[in-house]
2 protein chains.
Amino acid sequence: MSPRRRATQVDIARAAGVSQATVSLVISGGHGSEQVAEHTRTAVLDAATRLGYSVNTAARSLKGGRNHILGLYTFESVFPTDQRDFYYPFLLGVERATAEVGYDLLLFSSVTPGPRRIYSDGINRLKVADGCVLLGRQVDHADIAELVRDDFPFVFVGRRELPGTELSYVAPDYGTATRDLVLRLTGLGHRRLAYLRPDDDQEPTRDREAGFRAGVADAGLPDQPVHALPVGSSPPVEQVFDLLSEPLTTLLATWRADGVTALLVDPGENDRTIAVLEQVATRAGVRIPGDLSVVVLGEPSPPLSARGADAALVSTRDWSRFTLPREGLGRAAVHLLLDLLDDGGPARQLTVPCVPVEGDTVGPPASVAG
Amino acid sequence: MSPRRRATQVDIARAAGVSQATVSLVISGGHGSEQVAEHTRTAVLDAATRLGYSVNTAARSLKGGRNHILGLYTFESVFPTDQRDFYYPFLLGVERATAEVGYDLLLFSSVTPGPRRIYSDGINRLKVADGCVLLGRQVDHADIAELVRDDFPFVFVGRRELPGTELSYVAPDYGTATRDLVLRLTGLGHRRLAYLRPDDDQEPTRDREAGFRAGVADAGLPDQPVHALPVGSSPPVEQVFDLLSEPLTTLLATWRADGVTALLVDPGENDRTIAVLEQVATRAGVRIPGDLSVVVLGEPSPPLSARGADAALVSTRDWSRFTLPREGLGRAAVHLLLDLLDDGGPARQLTVPCVPVEGDTVGPPASVAG
DNA sequence: ACCGGGCCCTAATTCACATTAACTACCGGC
DNA sequence: GCCGGTAGTTAATGTGAATTAGGGCCCGGT
């Protein structure tokens, strides 16, 4: 049997006795359809069905049309095993929203992360989709710049900034969520707060800290101490405890001496500060929340594996905190992307509120309670 | 600022003082590169780098006929909440294998919820991909027939058969796995076996039973009893126990009377036979494996939800069984699909061995042990 | 000189589709 | 009968890259 060629619009045109242009008008639906007589329309659709036609997306996107495909590019594996629980809701949100608006979702897995080579299939592979949702932490700035230069529509999940350009993104509103937590604490009577954050320089870290300062100001308090801990993602899990326990013990003593009654902890990306803090506090006889109220500005990292050194550094307490609206972020990203596609406007940003979790690590300050 | 167009091969050609064809030869590497003088080569590559060139894959696939996109179509939702744990490994396998071979993965979600059809408006969406992996139980036969007619390359995960046509699929080798379990039991000294299966007429059910009969024959035993239980997916969970406990109690008594020392249970798709059997056996004072060895031909169904009537029908025993190589099936499907694409040959099938799990519900027969 | 034959390179074509200007009937108004 | 409008269709063009047939050019052999 001959290798049967896929049917093209020309084939349909021939079969229906019209021109290829007419076929295109009918197939692309919407706009052009109104200019085509009904009987021609049905004749064309008939022939299309008969010949098993389907559009060639390559040709369509070459010409600049719509594919009804949204891309999802992740800077890590799309179905990561380790972080499955973390990424899954994002995927879910993106997939569902995509389906709801009648698009298909293209997972870009073929693009290898890391230093991109121009002459291999690069990131411009994204262009087979109408637009793209980008997900992941290890962002390659050069790639992004290239996308911007190409004027390709994309939306980040998570706040991203690139000097000199406006990027589109959806981001959790860490700032407001943190501010609200500060106000909750001050509302309970806390007057001396401490703030603990990783020593990185990421956007989310800055947002939270800004929220903290804003909350402190709103509550009419003077500036409160902020401490940065060296918790880059680099140290192996085995060393994390040794690395953190000493500085945390020292800080704990200082706070007690200074009359600090509440602590806000930015959990960073992958760090184990919370777990170490819990152990250090127990050892020092500091009860949470009896002696010290603690809130987590996000979600404590889940264990990377179910056992081993890492599992020991996972806390099981029900921390007072807020959570990321992960599925909501995925959905919002899709909708923002569609907006961009429709009006071709400038980059825009969207924030989605975080969800507060009551938890049981917050109480009134000791001086008030006692 | 003018909307800066991205660089094309023509631009590079102009910059390097050569023709577009030469640029193509250099960029595409491999074949043509050998025909291009070294200094021309470097000049072209230079210009390409300078202009920030990258290939337009849309154009490339237009010409080449390949999109480098594999589709994944599921007859149920791609990310179902309750079956997440079941489907996830398939997705993982498909995604990883797809990435490894340099393809992207297109999830067909645009199709309306409910019973999913491939040909919705008469036009086949799947064809935007080079080929497609199909996943799910509720298969629409008309759609499949249409795909076959269109000569569209696809591979099923799970054994599928359509009268009159050969379909491509990858399937777990239930037959061999079941046979091996029979031989393990007879190797331990069991001489009277019983076999329990759902009363459906699905391929996997038949495969297992055939494996059972083969094993029995291989062991030199006469035919052993086979019982079908009415466990279609229809009855609501609340009634399952009532429905099954009586016939199982009766069967159990019969087996005991007949000297049956080992039981093989086909767990079907969604059924709770194992859990009911466990409860009934306990009530009747039959110890597993002391009085009766039991093997499960697959994996006991996970609970649909964490609590409620359903959770009570989930067994926590470590049944002797075999498991589906789910990620492996996903991977195998992708590779089989690629083979089909490359040689355009006829449909073919692939079986993947199941993984035996030791478990603790098998022992020597009582008469031997005692 | 002329021819033959590699070696590099180019012009032209092809791929499937979208878009647009133009063209053809057809019809009503005057 | 002419003008002008409109609905329906078409021919032509553009999109970026791959491929192929062939065309210069140089060099060695005769």
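In this predicted model, a backbone N or O atom of Ala37(A) lies 3.3 Å from a phosphate oxygen of DNA strand D. Ala37(A) can be set beside two further residues whose backbone also approaches a phosphate oxygen of this strand, namely Ser19(A) and Asn56(B).

| Residue | Backbone N or O atom to a phosphate oxygen of DNA strand D |
|---|---|
| Ser19(A) | 2.7 Å |
| Ala37(A) | 3.3 Å |
| Asn56(B) | 3.3 Å |

The elements that give two or more residues to the surface near DNA strand D are α2 (20-27) and α5 (57-63) of chain A, together with α2 (20-27) and α5 (57-64) of chain B. Among these elements, α5(B) gives the most, with 4 residues. Of the 25 residues around the strand, those that come nearest are Ser19(A), Thr40(A), Gln9(B), Tyr53(B) and Arg60(B). Sorted by class, this surface has 10 nonpolar, 11 polar and 4 charged residues. On the DNA side, 64% of the atoms of strand D within 4 Å of the protein belong to sugar or phosphate, and the rest belong to bases.

Elsewhere in chain A, 6 strands form an open sheet with mixed pairing, in the order β7-β6-β8-β9-β10-β12. Its edge strands are β7 (226-229) and β12 (355-357), each of which pairs on one side only. On average, neighbouring strands of this sheet are turned by 20 degrees against each other, if direction is ignored.

Helix α9 (residues 203-218) of chain A packs on the sheet and touches β6, β7 and β8, and its direction makes about 170 degrees with that of β6(A). Helix α11 (residues 273-284) of chain A lies across β6, β7, β8 and β9, running at about 155 degrees to β8(A).

Strand β6 (residues 193-198) runs parallel to β8 (residues 262-265), to which 4 bridges join it in chain A, and here Ala194(A) stands opposite Leu263(A). Further along the sheet, β9(A) and β10(A) also run parallel and are joined by 2 bridges, with Ser320(A) in β10(A) as the bridge partner of Val295(A). By contrast, β10(A) and β12(A) run antiparallel, joined by 3 bridges, and Val357(A) in β12(A) is the bridge partner of Arg321(A).

How do the side chains of a regular strand lie? In a regular strand they alternate between the two faces of the sheet. In strand β10 (residues 320-323) of chain A, Ser320(A) and Phe322(A) point one way while Arg321(A) and Thr323(A) point the other way, and all are buried.

How values were computed: Residues are numbered from 1 along each chain as its sequence is written. Chains are lettered from A and ligands numbered from 1 in the order in which they are written. This is a predicted model: local features need pLDDT of at least 70, side-chain atom pairs count only at pLDDT 80 or more; totals for chains, interfaces and linings use all residues. Side-chain values use heavy atoms; hydrogens and water are left out. Two strands pair if DSSP finds at least two bridges between them. Axes are lines fitted to C-alpha atoms, for helices over the stretch in contact, and angles run from 0 to 180 degrees between N-to-C directions. Contact means heavy atoms within 4.5 Å. Buried means under 20% relative accessible area, exposed over 50%, partly exposed in between (1.4 Å probe, protein chains only). A residue is near a molecule or strand if one of its heavy atoms lies within 4 Å of it. A polar contact is a pair of N or O atoms within 3.5 Å; within protein, one must be able to donate a hydrogen and the other to accept it, and residues adjacent in sequence count only if both atoms are side-chain atoms. Ala, Val, Leu, Ile, Met, Phe, Trp, Tyr, Cys and Pro count as nonpolar, Asp, Glu, Lys and Arg as charged, and the others, Gly among them, as polar.
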